Amino acid sequence: MKRLLWYLHFFSTIKVLAFSYSRLPFTDSPPSIRQYACADYYTKENSLIIFGGNQGSDINFNDVWEFNLTANLWNSLTPISTTYPNPRMFHGCWIDDDNSMLYIFGGRSNSGPLNDLWRYDLVNLQWKQIDQKGDIPSARSAFAWTKYKDSDGNLKLVSFAGFLKDEYTNELYIYDVPSSTWTKKPAGTQLPPVSYISH
Ligand SMILES: *[C@@H]1O[C@H](CO)[C@@H](O)[C@H](O)[C@H]1NC(C)=O
């Protein structure tokens, strides 16, 4: 039994070591040319994280890149995990600085609009699809996205407006990160009456 535990410990240590050596050094090589990617600022590392985008016609991306603003260099954050989000464009992305996570939601793949939510561990380079709860937004792309912390310090991801399967929308959704729950804000009369895309 003791020996078994030792083996388990040994192999999990090797795994951790393997992960910590997986980051490639920063280089001068930028990501390939693209449009409709997303980016968010990674405060802890003073860097920008970029995900996905489109290179014209049907070529979409699902790669993650980091631009180090201190060194002015690019780094490809190639995942170790065997699952990862489909290539897409017009999606949203948000950095959770406290937990070194990148969240990505929705967007458009070659087969249409999406509403899947994924989390990328920026330290261990692992993707994980998230079980979303609450008022899950329908599939959409080209929404405006931002984030904030509420008065309790909970990180919130915001999605506003955009394009659904074949119509524009002015819906406002807020995702609470700690509880994995979406809330749709009431439309009321105060929201803009017209829908917009690509803010
Ligand atoms: C960014 O570059 C600086 C200066 O070379 C370096 O000290 C820092 O570790 C780099 N950041 C990351 C995330 O590697």
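Guide: Two strands count as paired if DSSP finds at least two bridges between them. Please keep in mind, as we go through the strands, that this is a predicted model.

Visitor: Which residue in strand 13 is the bridge partner of Lys 133?

Guide: Strand 9 and strand 13, which covers residues 181–184, run parallel and are joined by two bridges, and two bridges are enough for the strands to count as paired. The partner of Lys 133 in strand 13 is Thr 181.

Visitor: In what order do the strands of the open sheet stand?

Guide: The open sheet has five strands, and its pairing is mixed. One part of that mixture is the parallel pair of strand 9 and strand 13, while strand 10 and strand 11 pair in the antiparallel sense. Read across the sheet, the order is 9-13-12-11-10.

Visitor: Which strands stand at the edges, with one side left without a neighbour in the sheet?

Guide: A strand with a single partner strand has one side left without a neighbour in the sheet, so such a strand stands at an edge. The strands in this position are strand 9 (133–134) and strand 10.

Visitor: How many bridges join strand 11 to strand 12?

Guide: Strand 11 and strand 12 form a hairpin, with four residues between them, and within this pair Phe 160 stands opposite Leu 172 of strand 12. The two strands run antiparallel, and the number of bridges joining them is seven.

Visitor: Which residue in the turn between strand 10 and strand 11 has a positive phi?

Guide: Strand 10, residues 144–149, pairs with strand 11 over six bridges, and one of the matched pairs is Thr 146 with Val 158 in strand 11. The two strands form a hairpin with five residues between them, and the turn residue whose phi is positive, at about 85°, is Gly 153.

Visitor: Which strand gives the largest share of the largest nonpolar core?

Guide: This core has 34 residues, and among those that touch the most other members are Ile 49, Phe 51 and Val 64. Several strands give two or more residues to the core, including strand 2 (47–54), strand 3 (60–68) and strand 11 (155–163). Seven of the nine residues in strand 11 are buried, and the largest share of the core, five residues, comes from strand 11.

Visitor: How many residues of the shell around the ligand are charged?

Guide: The ligand is surrounded by Glu 45, Ser 47, Asn 68, Thr 70 and Ala 71. Sorted by kind, the shell has one nonpolar residue and three polar residues, and the number of charged residues is one.

Key: Residues are numbered from 1 along each chain as its sequence is written. This is a predicted model: local features need pLDDT of at least 70, side-chain atom pairs count only at pLDDT 80 or more; totals for chains, interfaces and linings use all residues. A residue is near a molecule or strand if its C-beta atom, placed from the backbone, lies within 6 Å of it. Ala, Val, Leu, Ile, Met, Phe, Trp, Tyr, Cys and Pro count as nonpolar, Asp, Glu, Lys and Arg as charged, and the others, Gly among them, as polar. A nonpolar core is a set of buried Ala, Val, Leu, Ile, Met, Phe, Trp, Tyr and Cys residues joined through C-beta atoms within 7 Å. A residue is buried if 20 or more other C-beta atoms lie within 10 Å of its own, exposed if 12 or fewer, and partly exposed in between; C-beta atoms are placed from the backbone.
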